[in-house]
Amino acid sequence: MKYKTILFIVLVSFLTGQVEPAKELHRNPPRVWALTNAIIHSSPTITINDGTVIIRNGMITNVGSKIKIPNQATILDMNGKHIYAGFIESWLDVQTATIDTSLQAYWNSNMRAYLNATDIFQPKDKMMKNLRALGFTTAHIVPKGGIFQGASGLVQLGDKPKVLSNNVAQVIEYVSGGWQGKEYPSSLLGTISFIRQGFIDASWYEKSLEILEKYPDGNEPIQMDRSLSSLALAKKNKQPFIFRTNNELYIDRSNNISEEFDINLWIKGNGYEYRRIDEMPASFMIVPVNFPGKPEVADPYNSLQYSIEQLKHWDMAPDNAKKLAKAGFEFSLTSDGLKNRQDFKNNLSRTIDRGLDESKALAALTTIPAKKFGQAKRLGQVETGFIANLVIVDGNYFESKSKINAVWIDGEKFEVSPDPIINAQGKWILIEGNNSWELTISSNGGSLKTDSKSIKLANYNLDQDRIRFSIETDTLIQSGVTRFQGIIKNKSVSGRVTYADGTNGLWSAKFDSIIKEKVKKLKKDKASDLSLVFPEGAYGLDSPVPSPNTILVNDATIWTSGPNGILKEWDILFQNGKVKKIAKNISLPRGKALIIEGKGKHITPGLIDAHSHMAGESINEGFQNVSAEVRMRDVIDPNDVALYRALAGGLTTINLLHGSANPIGGQNVIMKLRWGNFSDKLIFNKAPQGIKFALGENVKRKRSYGRYPETRMGVEQVIRDAFTAARDYKKSWETYNKDVKLQRSSLPPRRDLELDALVEIMEGTRLVHSHSYRQDEILMLTRIAEDFGFTIATFQHVLEGYKVAERLAEHGAGASTFSDWWAYKYEVVDAIGYNGTLMANAGVNVSFNSDSDELARRMNLEAAKAVKYGGLEESEALKFVTINPAKQLKIDKYVGSLEEGKDADFVIWSGHPLSSYSICEQTWLDGKQYFSLEQDKFLRGRDSKIRNDLIQKILLSPDLGGKKMKANGRSGNRFESCDAFDSYTYEGEEK
């Protein structure tokens, strides 16, 4: 049976090996090889010593230590070399075109799911040689361009790449055009919404085609779309979707999308997986080994531009693969992302030095990608019946000094760094005329010795059996350079010598003895001894947040921001994350609670900021005038140090808003500042949904790419038009959903994420928070809201609110204003500091907001300005940053005041909370301490030591290459307020 199988392989190979006509005479040379005397790594865990591999017609027909070699085989003695299965490059980009003129094209060029990498792969010889030089014989080729980028494929890396699979996975990337882009989206916000809408459209398209096929009469034909067809088919067949990711946050976002749409998730990794390894999805990952270059810290001042997070990443990045393997993740490795692909082997050796098991590394290059890419029975092992893809190495591949001699692809040999035909290293006796010298040849040159001196050889070269070198002397032969060239044969050399004066002579040499060169032992790379903190970088937490079950603060002044007002020398008891009791002289059994001495201290509810942009990686999706489909929850950045700084000022809750680029902007998210937690765990899940609107200069200004509206009248029409469309959209769904016959035989309405959000506004389940300044536009938006049956939850900024305060109260809108911002642009020329107090006196629920990560650190002092401007009572002023914003956000049932049953969000102040002399000493959320002065002191000391230790380590370390690490400089978002951001990105008057 075995011989029948071999005969079948030979026959099939002969019949299918060549499909094009012969250009000359037919050539059918025997393609049978025997690679003998090798150390064969047949799989990641099995090694055969003194083994032989038989190759016939591009396939491995036998492997073992004692096997019969076919008579027709060409025998190649491997002389103890290591043979591995050909490595699989798991990621190789193929650039795609942006223009699709097909009548079946999607409305946006970022949708290219119809593309296939194997149709457009045109490799360059240099790239192919570079890949083979690393041991890669097969590559997973990936289309690059747009957001939905198309299908990847698997190809052999021979001179004429052979396609093994043309549809491995669909590829998605988080790319956007930025403010200078020519089409939607212009931001990460828009990109994620585009991905979500793409999956929704694909499902609608598939269902519509099924209905059209059954009921063609009475249904209007739909536009054919080959990308949506490809997406629907991939999802139906559970084909993998690979998301390109930039860091651990993007992996989390990809996982959220995969869970929402039930897709088979694969991850193109980024090297940051180790930072939140416990939060990573159990998905197949393609992991790069692109470690950062050495930071430039020699200049003490320049070193300050590098954040601790960057310095730690330099130290910890090479441990990434080891940590993934230890955690049980299934991953493959790629050279993608390296500044120089040739660094791949050295970087991989570093990961081995740091603890990655060699068998795991080999599996990541062979068996794992072979299995994932659907070729487990043909690639990844040196076994009978597998394709003859091999890597020949003069030693252990994972040792940095080993060299790849050759690779075999489909049974064809490709030389990489072949051994020399003749090894000339050793001591020779050189004869020239009547002179006799000792010639020493080493791996990198050599020397010529006389009794009195040693002369280093120059221009040394050994090419097969030809040797040449030169020496420069003043008296030894002739003054000047003497050149030698000769032929080596049977341990002797003979040739000609050219003297400095141009005359010629003869020379010869006889081999004398072998020399043992001293091999410089490379210092092994050691794993980082640093511990992870959460989030990684300055002030990251290295231990769980203190969370006592019961907390008692006694004898403090309690600012309840509730019906009880200010209580002096009272106790407050917190239990299980809630306010349990407020009374005088609360007694508890000894040892049953954490007792905080409150004498002389002031306790307030956690402060609330109704308008923030901190912890948002993306703020504005400004390409379209309506972007109700985008969600701030998709772009939360839990690593933003602004969160910690805000906690240090007593802030516990924020309303993370979209920017002010659109009349109808994106959906907001309310967050608790749970420092150290990851992404979605910061979301205040009980809070109602909301959305950002914007009026005025920001949304109407002329843009370089052109966008309606460009007048305040146009702004009103955009909003009215959007709600009219949403009303029609709602009716179409109501009609469809109540008619079973219609659902069976008619095309369903297309679900639109943008219109979904607007319908929710009209139904009262989504609150509107509108950026505003001028009184006329404030009045306009209240009228639109009433026309469409909803109420504006808050007017944000609302700097002319004092002019129309009675109308705001009548409408039922809240006002979240600046305390004393004015004159930063002409549109706010009438702003006054008394705005907040005047609106409050007219019955409007007023809050002060920051719109700034800097101002958010001192919201208590913002509240104090309500006392200065208008003489508001101190307890009422504090409500501007506690219960009032809680009511505006409809979360006052849970936070905003210290009342029994509410969340244990509180702040301990050293003195009067409205005093500029008071300090926030502790900040608690849900009964957990997220900030304290004592902890802050510890973290500062710890981080200072880590920074200094790392800088010393960097200064003492060699430069091992890698992409230059660009210093972060000032961390966090550069522009945290609506107007600062817009004035920078748009060409407006505040440029």
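Student: When I look at R354 and D319 in this model, where should I place their side chains, buried or exposed?

Tutor: Both residues are buried, R354 as well as D319, and it is right to add at once that this is a predicted model. Burial is a matter of relative accessible area, and a residue counts as buried when that area is under 20%.

Student: What joins the side chains of R354 and D319?

Tutor: They meet in a salt bridge, with 2.9 Å from N to O. The pair links distant parts of the chain, since R354 stands in the loop between α10 and α11 while D319 stands in the loop between α8 (308-316) and α9 (320-326), 35 residues apart.

Student: How many salt bridges does the structure hold, and where else might I look for one?

Tutor: There are 59 salt bridges in the structure. One to set beside the first is that of E716 and R720, whose side chains meet at 3.2 Å, N to O. Because these two residues are four apart in helix α15, about one helical turn separates E716 from R720. E716 counts as partly exposed because its relative accessibility is 24%, and R720 counts as partly exposed because its value is 21%.

Student: Which residue forms a salt bridge with K730, and which parts of the chain does the pair tie together?

Tutor: The partner of K730 is E763, and their closest N and O atoms are 3.7 Å apart. K730 lies in helix α15 and E763 in the loop between α17 (753-762) and β37, so the pair ties together parts that are 33 residues apart in sequence. With a relative accessible area of 27%, K730 is partly exposed, and E763, at 45%, is partly exposed too. Salt bridges can also share partners, and in this way K578, K672, R674, D903, D905 and D926 are joined into one network.

Student: How should I read the burial of a whole helix, taking α10 as the case, and how many of its residues are buried?

Tutor: Go through the helix residue by residue, then ask what lies against the buried ones. Helix α10 (residues 343-353) is mostly covered, with nine of its 11 residues buried; among them are the charged residues D343, K345 and R350. The buried residues pack against β7 (136-144), β15 (331-334) and α11 (358-365). After the helix comes G355, with a positive phi near 125°.

Student: What would the same reading give for α18, and how far does that helix reach?

Tutor: Helix α18 (residues 775-787) has 13 residues and reaches 19 Å from its first C-alpha to its last, close to the 18 Å expected at 1.5 Å a residue. Its buried residues include E777, L779, M780 and I784, and what covers the buried residues includes α15 (712-737), β37 (766-772) and α19 (805-811). Just after this helix, G789 takes a positive phi of about 80°.

Student: How does one find enclosed empty space, and how many cavities of 30 Å³ or more are there?

Tutor: Rolling a probe the size of a water molecule over the atoms shows where empty space is left. Here a search of the whole structure finds two cavities of 30 Å³ or more. The second largest holds about 30 Å³ of space, and its lining brings together F291, P292, D343, N347, R350, L960, G961 and G962. By class, that lining has three nonpolar, three polar and two charged residues. D343, N347 and R350, which are among the residues of this lining, are also among the buried residues of α10.

Student: Which backbone angles deserve a second look?

Tutor: Most residues other than glycine have a negative phi, and most peptide bonds are trans. Against that background, the peptide bond from Y184 to P185 is cis, with omega near 0°, and P185 is found in the loop between β11 (170-173) and α4 (188-214). The bond from F534 to P535 is cis as well, with omega near -5°, and P535 sits in the loop between β27 (504-513) and β28 (550-559). For phi, consider K238, where the angle is near 60° and so positive in a residue other than glycine; K238 belongs to the loop between α5 (226-236) and β12 (240-244) and is partly exposed, with a relative accessible area of 44%. E569, although not a glycine, has a positive phi of about 55°, and this residue is found in strand β29 (residues 566-575).

Technical notes: Residues are numbered from 1 along each chain as its sequence is written. This is a predicted model: local features need pLDDT of at least 70, side-chain atom pairs count only at pLDDT 80 or more; totals for chains, interfaces and linings use all residues. Side-chain values use heavy atoms; hydrogens and water are left out. On a 1 Å grid over the protein atoms alone, a cavity is a set of points where a 1.4 Å probe fits but cannot get out, and a pocket is an open set with protein on both sides within 12 Å along at least five of seven lines; lining residues have an atom within 4 Å of a point. Grid points are joined across faces, edges and corners, and a volume is the space filled by probe spheres set on the points. Buried means under 20% relative accessible area, exposed over 50%, partly exposed in between (1.4 Å probe, protein chains only). Contact means heavy atoms within 4.5 Å. The expected span of a helix is 1.5 Å times one less than its number of residues. A salt bridge is a side-chain nitrogen of Lys or Arg within 4 Å of a carboxyl oxygen of Asp or Glu.
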